[in-house]
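Colleague: Could you walk me through this model? I'd like to know what it shows before I go back to the bench.

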Amino acid sequence: MLAPDSPIVREFLRNSLVMHIASRSARAPFVTPIWFTPHGDTLWITTGSGTRLAKNVERHPEVVLLLWGERHRSRGEVLRVRARATCHAGLPPWPVLVRIALRFYLAPGALASELRNAGRWGLRARYYAEVKGGPGHIRLVVTGAELMRTGSST
Amino acid sequence: MSVTRDVELGAVRDLLVRPTRASITFLDGDTVAIVPARVRFVDDRPLVRLPADGPDLSGREVVVLTDDGPWWFHLRGASFRGTAARDEEEPGFVWWAIALRRTLSWDYGAVREV
């Protein structure tokens, strides 16, 4: 098991934009792909307060994440991360929002995509306005991690 | 009118051929487990390869997730919820077939009013 502050964990967190986050309800597994942003000792996710993910972590805060390090690492290695999640109403604090903007909307590839799709920003705003439970966010504190290979480890 | 990013599975069929990210999620006792998976599809039904000494998924509810894209308008994916059953074996590995209960597919680049 890798420590949360080990170099390889930091590398994966830096080089991954999307995680698969696995959570559970009383009887069923649930997984969703979602953007995340490292800031301080926490991974930040924005999601509606009434989404299935938010409801799950309120009752079962232990979650498991998969990171592919898609920005730099070659395919084949995946980092599996164990984390403790807490759900909060409202948007994350401003410093986190700034990091989210820099990471997902203003990064070189992101900005080009945003500008190409400027005509659909209004639709996106409406999509977010319809999110269940209104704005919320989840804070993840990493408790451990392990390196895996796709389709070859459990 | 509401806004959706949901699409028919056929709109993201390339993800079934060569998924960028793929995983399988299931309950393991009191905890949730997720494993990066090698997935192939036969008639839009997923088969997942796991090590032979991995978890016994027989009869268990699982979710297979494949997705792609880093930026908002590039995010696409599909999830498949169902019950796992042992299928083919190959040296060191087992292929698990999923009897589907629910499939969901999305493409944020196709966001629209419905």
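Colleague: In what order do the seven strands of the open sheet in chain B run?
Modeller: Happy to help! Strands here are DSSP runs of E of at least two residues, numbered from the N terminus, and two strands pair if DSSP finds at least two bridges between them. The pairing in this predicted model is antiparallel, and the order in chain B is β3-β2-β6-β7-β8-β5-β4.

Colleague: Which are the edge strands?
Modeller: An edge strand pairs on one side only. In chain B these are β3 (31–36) and β4 (38–42).

Colleague: In β6(B), which residue is the bridge partner of T25(B)?
Modeller: Strand β2 (residues 21–28) of chain B and strand β6 (residues 61–68) of chain B pair in the antiparallel sense over six bridges. Within β6(B), the partner of T25(B) is V63(B).

Colleague: Which element gives the most to the side of chain A that touches chain B?
Modeller: Contact means that C-beta atoms, placed from the backbone, lie within 7 Å; 34 residues of chain A meet 34 residues of chain B that way. With five residues, the top contributor on chain A's side is β1(A).

Colleague: What pLDDT does chain B average?
Modeller: This is a predicted model, where local features need pLDDT of at least 70, side-chain atom pairs count only at pLDDT 80 or more, and totals for chains, interfaces and linings use all residues. Residues are numbered from 1 along each chain as its sequence is written, while chains are lettered from A and ligands numbered from 1 in the order in which they are written. pLDDT is the predictor's confidence in each residue, from 0 to 100. In chain B, 100% of the residues score at least 70, and the average is 94.

Methods. Contact = placed C-beta atoms within 7 Å. Helix = DSSP H or I, 4+ residues; strand = E, 2+ residues; numbered from the N terminus.
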